[in-house]
Amino acid sequence: MEHQTEIILTVLGIAFVHGLVFYLVSRKPRTNIRGRHVLVTGGSSGIGLWAAAECVRLGANVTIVARNVKLLEKAKEQLLGYKTREDQRIEYRSVDLAKSYESVESALKEIEQSSGQPIFMLVNCAGMAICGTVEDTTPEDARLLMDVNYFATFFPTRYVLAKMKAAKEGIIVITASQAALVGIYGYGAYAASKFALRGLAETIAMEAKHRGVTVTLALPADTDTPGFERENQSKPEETKIISGSGGLAKPEDVGRRIVHDALKGSFFSIMGLESWILSILCVGMAPWKGPVLCVLQFYLLGPLRMVGLLIQWNFQRIIKKCAKDREQRGEN
């Protein structure tokens, strides 16, 4: 009974601190993007589409980039309904962001020239997931994940970074996932590509902060998108159980949160208690974001390490149970 009371008090304490941090962070002033040019990759559906929608609502001129022209046309029609100004520009461009840096550079130059505005804010949302244990993941799929998740973010980011540093202003959003913080069964190649994005975000934040460029690393949990539906088709049973414990977020909520966190200059963009706990546990050498948050991280890191160990123990319990069930069914 005493042990249960301690657990309840710990959870309530974490919830209180989470609410306090959210309140303090939400008070930070927000950058005004009204009339500025925002480019959103992966903007034809899912989180990217809803991030673009929020930017449109805030008065920005928005260009969405993806490969599928039909989806881009449909997304543009939807975004036009969120305009707040008659002269607000909503455009799209079909680009294979993973093909080569030269092709991405050429496409983004043309976008800036046709819009008459440099890109002030880049929201990287292009990505995909292929699940499976490491030995079940083909080398071709592993390379594809690096191309789509990492290089399709690196190429446009590299293009805008020098221009933003020269202008001494700009916002870059890199959308990773909770898999950028912790390796999960069945997410080997996917997690590797997302860990790479975290390294990229932390490096850019260090390289560009003194030049007026802010970086936000978005860490969404499972989100109800077309990509998530495809992802589920290749998920091992263990992965479904482990990742399913966190619920399913709405893409409109995630997209809105990412945009607002980026406009407030937050390095991490997270939603929910689970994501917040992970961000504290895995904070490592993440950039300084104010004394209040840093003191809370210092105070909570020890207790949350115990929570993390319990989570890992539960993961191992699930994995062993699934293995035993397969063995009883005569499967490998």
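This passage describes the sheet, the cores and selected residues of a predicted model.

The model contains an open sheet of seven strands. The strand order is β3-β2-β1-β4-β5-β6-β7, and the pairing is parallel. β3 (90–94) and β7 (268–269) stand at the edges. Each has a single partner strand, so one side of each lacks a neighbour in the sheet. Strands of a sheet pair through backbone hydrogen bonds.

At the β3 edge, strand β2 (residues 61–66) pairs with β3 in the parallel sense over five bridges. Within this pair, A66 stands opposite S94 of β3. Two helices pack on the sheet. Helix α4 touches β1 (37–41), β2 and β3. The direction of α4 makes about 145° with that of β1. Helix α5 touches β1, β4 (121–124), β5 and β6. Its direction makes about 165° with that of β4. Helix α3 (residues 69–80) belongs to a right-handed β-α-β unit, together with β2 and β3.

Towards β7, the pairing continues through β6. β5 and β6 pair in the parallel sense over six bridges. In β6, V215 is the bridge partner of I172. The chain crosses from β5 through α6 to β6, and this β-α-β crossover is right-handed. β6 and β7 also pair in the parallel sense, over two bridges. Here the bridge partner of L217 is F268, in β7. Strand β6 is mostly covered, with five of its six residues buried.

Several of these residues recur in the nonpolar interior. The largest nonpolar core has 63 residues. The residues with the most contacts inside this core are I172, I174, I204, L217, L219, F267 and F268. Seven elements each supply at least two residues of the core: α4 (101–115), α5 (139–167), β5 (170–175), α6 (188–208), β6 (213–218), α10 (272–281) and α11 (291–328). The largest share, nine residues, comes from α6. Outside its immediate stretch of up to four places in sequence, I204 touches T157, L161, I172, I174, K209 and V215. I172 and V215, both touched by I204, are also bridge partners. Another core lies apart from the largest one and has 31 residues. Among its members are I33, A52, A66 and A262. A66 thus appears both in this core and opposite S94 in the β2–β3 pair.

Charged residues can also be found in buried positions. K194 is found in helix α6. It is buried, with a relative accessible area of 5%. Beyond four places in sequence, K194 touches N149, T175, A176, S177, A179 and A180. E54 is found in helix α2 (residues 46–57). It is buried as well, with a relative accessible area of 7%. Its value is under the 20% limit for burial. The side chain of E54 makes a polar contact with the side chain of R57, at 3.0 Å. Leaving aside neighbours within four places in sequence, E54 is in contact with R256, V259 and H260.

C322 is another buried residue, at 2% relative accessibility. It is found in helix α11. Outside its neighbours within four places in sequence, C322 is in contact with E237, E238 and I241. C322 and P236 are 86 residues apart in sequence. Their C-alpha atoms are 9.8 Å apart in space.

Two loop residues are exposed. K168 is found in the loop between α5 and β5. It counts as exposed because its relative accessibility is 59%, over the 50% limit. Phi of K168 is near 60°, a positive value in a residue other than glycine. G116 is found in the loop between α4 and β4. Its relative accessible area is 63%, so G116 is exposed. G116 and H37 are 79 residues apart along the chain, with their C-alpha atoms separated by 9.3 Å.

Key. Residues are numbered from 1 along each chain as its sequence is written. This is a predicted model: local features need pLDDT of at least 70, side-chain atom pairs count only at pLDDT 80 or more; totals for chains, interfaces and linings use all residues. Side-chain values use heavy atoms; hydrogens and water are left out. Helices (H or I, at least four residues) and strands (E, at least two) are DSSP runs, numbered from the N terminus. Buried means under 20% relative accessible area, exposed over 50%, partly exposed in between (1.4 Å probe, protein chains only). A polar contact is a pair of N or O atoms within 3.5 Å; within protein, one must be able to donate a hydrogen and the other to accept it, and residues adjacent in sequence count only if both atoms are side-chain atoms. Contact means heavy atoms within 4.5 Å. A nonpolar core is a set of buried Ala, Val, Leu, Ile, Met, Phe, Trp, Tyr and Cys residues joined through side-chain atoms within 4.5 Å. Two strands pair if DSSP finds at least two bridges between them. Axes are lines fitted to C-alpha atoms, for helices over the stretch in contact, and angles run from 0 to 180 degrees between N-to-C directions. A crossover is right-handed if, with the strands pointing away from the viewer, the path from the first strand over the helix to the second runs clockwise.
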